[in-house]
Amino acid sequence: DADEMQLLFVADDGAPPPRPCAGLLSEEEDFSGIFLADGSLGGYVKGLVTLPYQATPYRIAADIRVGANSMLVVAAGVSFEPDAGASIVNFGSLILNGTADARIVFTRPTTSTAGNYIACTNTNTGQARNFYNNPMTVDLCVAKCREQYYPYAMVRTDYCYCNFQFTNVPANCGYICRGNSSQVCGNSSPAAYSVYATGQMDPADSWEGIRF
């Protein structure tokens, strides 16, 4: 399906997932530590954490990092809606209990239309191209990055940064664009970047997914 990315993990013998390896906690911790204030997911998994099934998708708003000697177990039928730039980074154990009838589904973000707002972040790493223009507008930055085939246009005051990926570290963007008072161009101090889709490539294609 063009609107979904699916991962299916099924044990050959239908056996339950393996017991935690040495060093893991013997009892499950409260997994509220990976829940952000708005109910979305992000943060560090320590010890043994089970993510239970729920009818609505879990939104991954920031990186989920599974620590060494830790385990994240995802129940059958769980679905995720990762924000562009968010990842599940595994340094321990990750068990996805999907079955043929209850798959674990990663749904693509719907932010690929040119000019769509994606996020406000305080980090600008791995920038591929940038330029300055006074006055700056979101439309100008998006157009410049789009013509160079970059999926993300990041705006900060009168600067435009074109990227293939970005790290979503929530920040406060409130700087009004000099060229269009109805648009927001990141923030001057503390530094923040308004991230927009260029429409050149679906931002879901830049989601790094599950890394081992």
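The exchange below covers the salt bridges and disulfides of this structure.

Biologist: What kind of model is this, and how are its residues numbered?
Modeller: This is a predicted model, where local features need pLDDT of at least 70, side-chain atom pairs count only at pLDDT 80 or more, and totals for chains, interfaces and linings use all residues. Side-chain values use heavy atoms, with hydrogens and water left out, and residues are numbered from 1 along each chain as its sequence is written.

Biologist: How many salt bridges are there?
Modeller: Side chains of opposite charge can pair when their charged atoms come close. A salt bridge here is a side-chain nitrogen of Lys or Arg within 4 Å of a carboxyl oxygen of Asp or Glu. By this rule the count is three.

Biologist: Which residue forms a salt bridge with R178?
Modeller: The closest N and O atoms of the pair are 2.6 Å apart. R178 lies in the loop between β13 (159-163) and β14 (193-197), and its partner in the loop between β12 (152-156) and β13, so the pair ties together parts that are 20 residues apart in sequence. Strands (E, at least two residues) and helices (H or I, at least four) are DSSP runs, numbered from the N terminus. The partner is D158.

Biologist: Is D158 buried or exposed?
Modeller: Buried means under 20% relative accessible area, exposed over 50%, and partly exposed in between (1.4 Å probe, protein chains only). R178 has 51%, so R178 is exposed. D158 has a relative accessible area of 4%, so D158 is buried.

Biologist: Where does D38 lie, the salt-bridge partner of R59?
Modeller: The two side chains meet at 3.2 Å, N to O. R59 is in strand β4 (residues 58-66), 21 residues apart from D38. D38 sits in the loop between β1 (4-7) and β2 (41-45).

Biologist: How many disulfides are there?
Modeller: A disulfide is a covalent bond between the sulfur atoms of two cysteines. The rule used is a pair of cysteine sulfur atoms within 2.5 Å. The count comes to four.

Biologist: Which cysteine is joined to C120?
Modeller: C120 is in strand β10 (residues 117-121), and its partner is in the loop between β13 and β14, 53 residues apart. The S to S distance is 2.0 Å. The partner is C173.

Biologist: Is the link of C145 and C162 right-handed or left-handed?
Modeller: C145 is in helix α1 (residues 138-147) and C162 in strand β13. Their sulfur atoms are 2.0 Å apart. With -85° about the S-S bond, the link is left-handed.
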